[in-house]
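Please read the points below beside the coordinates, taking each one as a remark to check by eye. They start with a single residue and move outward to the whole chain.

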Amino acid sequence: MEVNITYSNDDIHEAVNALKVTSWISAMFELDQHLRSEAKYNENRTDAQIDVIYEIREKLHDIMHEYNISFDE
């Protein structure tokens with residue numbers, strides 16, 4: 001698929017951000033997986049720390065939902 005998009009000089013920041021969407025999704029997925037791994041497999045974590053990690057993951061997922069973003073798409 002080929003897409004041609006023309007931006008004015010005023011829109012260059014938005015254009016650069018649009019081109020980095022895949023990188024942002026990959027970074028958020030990696031963060032989500034790191035948090036999951038820390039909560040599930042790091043035996044040095046206390047129950048309180050694990051609860052905080054799950055709260056952070058839930059907040060990440062809530063924010064993504066607000067922006068209609070999903071790792072599954």
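1. Once the neighbours within four places in sequence are set aside, Glu38 is in contact with two residues, namely Arg45 and Ile53. This is a predicted model, and that status should be kept in mind for every point in this note. Glu38 itself belongs to helix H2, which covers residues 21-41. Is Glu38 buried or exposed? The relative accessible area of Glu38 is 17%, and Glu38 counts as buried because the cut-off for that class is under 20%.

2. The fold as a whole is made of helices, with three of them in the protein and zero strands, so that the order read along the sequence is α-α-α. Helix H1 takes in residues 12-19, H2 runs over residues 21-41, and helix H3 spans 47-66.

3. On overall dimensions, the radius of gyration of the protein is 17 Å, whereas a compact globule of 73 residues would have a value near 11 Å. The C-alpha trace, laid along its principal axes, spans about 50 × 20 × 20 Å, and a reader may wish to view these two descriptions together.

4. Two statements about the surface belong beside those dimensions. Of the 73 residues of the protein, 14% count as buried, and Glu38, discussed above, is a buried residue. The protein exposes about 6,600 Å², of which 52% is supplied by carbon and sulfur atoms.

5. Which residues line the largest pocket? The lining is formed by Asn17, Val21, Trp24, Ile25, Met28, Leu60, Ile63, Met64, Tyr67, Ile69 and Phe71, and the elements that give two or more residues to this lining are H2 and helix H3 (47-66). The largest share, four residues, comes from H2. The space in the largest pocket amounts to about 230 Å³, and the lining residues divide into 10 nonpolar, one polar and no charged.

6. Ile25 deserves a separate remark, since this residue of helix H2 is also one of the residues that line the largest pocket. Ile25 has a relative accessible area of 39% and is therefore partly exposed, the class that lies between the 20% and 50% cut-offs. Ile25 and Ile12 are separated by 13 residues in sequence, and their C-alpha atoms are 21 Å apart in space.

7. Two further pairs give a sense of distances across the model. Asp10, in the segment before helix H1, and Val52 are 42 residues apart in sequence and 41 Å apart in space, C-alpha to C-alpha. Gln49, which lies in helix H3, is 36 residues from His13 in sequence and 38 Å from His13 in space, again C-alpha to C-alpha. As for accessibility, Asp10 is exposed, with a relative accessible area of 70%, while Gln49, with a value of 34%, is partly exposed.

8. The last point concerns the backbone at Asn68, a residue found in the segment after H3. What is the phi of Asn68? The angle is near 60 degrees, which is a positive value in a residue other than glycine. Most residues other than glycine have a negative phi, so a reviewer may want to look at this position in the model. Asn68 counts as exposed, because its relative accessibility of 66% is over the 50% cut-off.

Terms used: Residues are numbered from 1 along each chain as its sequence is written. This is a predicted model: local features need pLDDT of at least 70, side-chain atom pairs count only at pLDDT 80 or more; totals for chains, interfaces and linings use all residues. Side-chain values use heavy atoms; hydrogens and water are left out. Buried means under 20% relative accessible area, exposed over 50%, partly exposed in between (1.4 Å probe, protein chains only). Contact means heavy atoms within 4.5 Å. On a 1 Å grid over the protein atoms alone, a cavity is a set of points where a 1.4 Å probe fits but cannot get out, and a pocket is an open set with protein on both sides within 12 Å along at least five of seven lines; lining residues have an atom within 4 Å of a point. Grid points are joined across faces, edges and corners, and a volume is the space filled by probe spheres set on the points. Ala, Val, Leu, Ile, Met, Phe, Trp, Tyr, Cys and Pro count as nonpolar, Asp, Glu, Lys and Arg as charged, and the others, Gly among them, as polar. The radius of gyration is taken over C-alpha atoms; the globule rule is 2.2 Å times the number of residues to the power 0.38. Accessible areas come from the Shrake-Rupley method with a 1.4 Å probe; for residues, only the protein chains shown count as cover.
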